[in-house]
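Here is a set of exercises to work through with the model open in your viewer. Try each task before you read its solution.

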Amino acid sequence: MFNEGNFSKLSEFIYRKSGIFLEESKHYEKIHKFVLARLDELELDNFRKYFFTLRFEDPDGIEFQTLMNAVTVNETYFFREHDQFEVLVNDVLPLLHKTRPKDEPLRILSSPCSTGEEPYSMVLYLLEEANLIEERDIEIIGIDIDSTVIKKAQDGKFSERSVHAIPPVQVQNYFKKKGLSYHLIDDLVGTVEFKVVNIFDRAALRELGKFDVIFSRNMLIYFDDASKKEVAMNFYDMLKPGGFVFLGHAEYMSRIVSVFKAKKFGGSLIYQK
Ligand SMILES: C[S@@+](CC[C@H](N)C(=O)[O-])C[C@H]1O[C@@H](n2cnc3c(N)ncnc32)[C@H](O)[C@@H]1O
């Protein structure tokens, strides 16, 4: 029903479409179970038919989306690597505020945003630390390839684990606790725009417009060198001149491409176009 050859075909397809590289030793069982469940649900009798459906009989990308939702790793929480949010509101945005035309909004992309904690952390930092939002429109957009996480981000409901690093007074001010869940207050739901976008889909990226700042933390670690390079160049194209990229603590732009200038703000290394 499913064998190593099938795994390599499917993992090669996933890699080509999304950059996500699945090692057979770690992911075989999960993919095997996923394929069996899809054969059952789609009433297909073998992998060949499933793979054909995925590639040629999926005009709206529904099966592709189901596959993506199953293979992504969505771990995130509010205020993760919090020093970067401090650099964003205390250094980078004030700098851009001084240099950008007064009537333009500052545009920030959280790519990938997973369930929304990263872009909403920016909102909380802006509310707490910056006078900037009184003087300047700031647009924050979150994108992710996984439609399940985008739906959750839009709902603005979070777990205890997700809010654990937020100071208790801010949890009290910005969330309503309902059972075990923390709901963002109504005034904040919708302050971030969320979209399902694959970071390799250049046409979809172009539609988002140009950005002043891109956060791309903890996604490139799942990609191989060629995919990292392609994504880094997509970010370069999406940034306005002088715009900044923030990567996760274990990710270094200098090991990927040399088109950005590395800048140190406090303990954080960030990258400028
Ligand atoms: C570990 S989360 C990181 C979330 C957040 N940036 C953080 O650091 O907490 C990685 C996310 O990357 C997304 N992802 C993986 N490949 C992607 C692609 N090709 N395009 C857009 N998002 C992708 C996954 O769906 C997942 O939600």
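**Exercise 1.** What covers the buried residues of H2?

*Solution.* Keep in mind that you are looking at a predicted model. Start with the helix itself: the buried residues of H2 are Tyr 28, Ile 31, Phe 34, Val 35, Arg 38 and Leu 39. Next, look at what lies over them: the cover includes helix H1 (4-18), helix H3 (47-56) and helix H4 (62-71). Finally, check what comes after the helix: H2 is followed by Glu 43, which has a positive phi, near 55°.

**Exercise 2.** Find the largest nonpolar core, and say which helix gives the most to it.

*Solution.* A general point to begin with: in soluble globular proteins, nonpolar side chains tend to be buried together. Here the largest nonpolar core has 47 residues. Leu 10, Leu 67, Ile 199 and Met 253 are the ones with the most contacts inside this core. Helix H2 (residues 24-42) gives the most, with 5 residues. Now zoom in on Met 253: leaving aside residues up to four places away in sequence, Met 253 touches Ala 232, Val 245, Leu 247, Phe 260 and Tyr 271. Another core, of 41 residues, lies apart from the largest one, and Leu 188, Val 213, Phe 244 and Phe 265 are among its members.

**Exercise 3.** Work out the strand order of the open sheet of 7 strands, then find its edges.

*Solution.* Walk across the sheet and you get E6-E2-E1-E7-E8-E10-E9, with mixed pairing. The edges are strand E6 (192-196) and strand E9 (261-265), each of which pairs on one side only. From one strand to the next, the twist averages 25°.

Now take one pair of neighbours. Strand E1 (residues 106-110) and strand E2 (residues 138-144) run parallel and are joined by 5 bridges. For a landmark, use Ser 110, which stands opposite Gly 142 in E2.

**Exercise 4.** Which strands does helix H5 touch where it packs on the sheet? Do the same for helix H12.

*Solution.* Helix H5 (residues 83-99) touches E1, E2, strand E7 (211-216), strand E8 (239-247), E9 and strand E10 (268-272). Its direction makes about 170° with that of E8. Helix H12 (residues 225-238) also packs on the sheet, and the strands it touches are E1, E7 and E8. For H12, the angle with the direction of E8 is about 140°.

**Exercise 5.** Classify two of the aromatic pairs, Phe 85 with Phe 215 and Phe 200 with Phe 223, and say which parts of the chain they link.

*Solution.* The structure holds 21 aromatic pairs, so there's plenty to pick from.

- Phe 85 and Phe 215 are 5.6 Å apart centre to centre, with 20° between the planes, and they count as stacked. Phe 85 sits in helix H5 and Phe 215 in strand E7, so the pair ties together parts that are 130 residues apart in sequence. Phe 85 is buried, with a relative accessible area of 0%, and Phe 215 is buried with 0% as well.
- Phe 200 and Phe 223 form a tilted pair, 5.5 Å centre to centre with 50° between the planes. Phe 200 is in the loop between E6 and helix H11 (202-208), while Phe 223 is in the loop between E7 and H12, 23 residues apart. With buried meaning under 20% relative accessible area, Phe 200 qualifies at 14% and Phe 223 at 8%.

**Exercise 6.** Which charged residues sit over the rings of Phe 211 and Tyr 236?

*Solution.* Over the face of Phe 211 you'll find Arg 107, at 4.4 Å from the ring centre. For Tyr 236 it's Lys 273, whose charged end is 4.5 Å from the centre of the ring.

**Exercise 7.** Describe the open sheet of 3 strands and its hairpin.

*Solution.* The order is E3-E5-E4, with antiparallel pairing. Strand E3 (157-158) and E4 are at the edges with a single partner strand each, so one side of each is left without a neighbour in the sheet. Strand E4 (residues 175-178) is joined to strand E5 (residues 181-184) by 4 bridges. To get the register, note that Lys 177 has Tyr 182 as its bridge partner, and that Phe 175 stands opposite Leu 184. E4 and E5 form a hairpin with 2 residues between them, and Gly 179 in the turn has a positive phi of about 60°.

How values were computed:
Residues numbered from 1 in each chain as written. Predicted model: local features only at pLDDT ≥ 70, side-chain atom pairs only at ≥ 80, totals over all residues. Heavy atoms only, no water. Pairing = 2+ DSSP bridges. Axes fitted to C-alpha atoms, helices over the stretch in contact; angles between N-to-C directions. Contact = heavy atoms within 4.5 Å. Core = buried A, V, L, I, M, F, W, Y, C linked by side-chain atoms within 4.5 Å. Buried < 20%, exposed > 50% of the residue type's maximum accessible area, 1.4 Å probe, protein only. Phe/Tyr/Trp six-rings, centres within 6.5 Å; stacked < 30°, edge-to-face > 60°. Lys NZ or Arg CZ within 6 Å of the ring centre and 35° of its normal.
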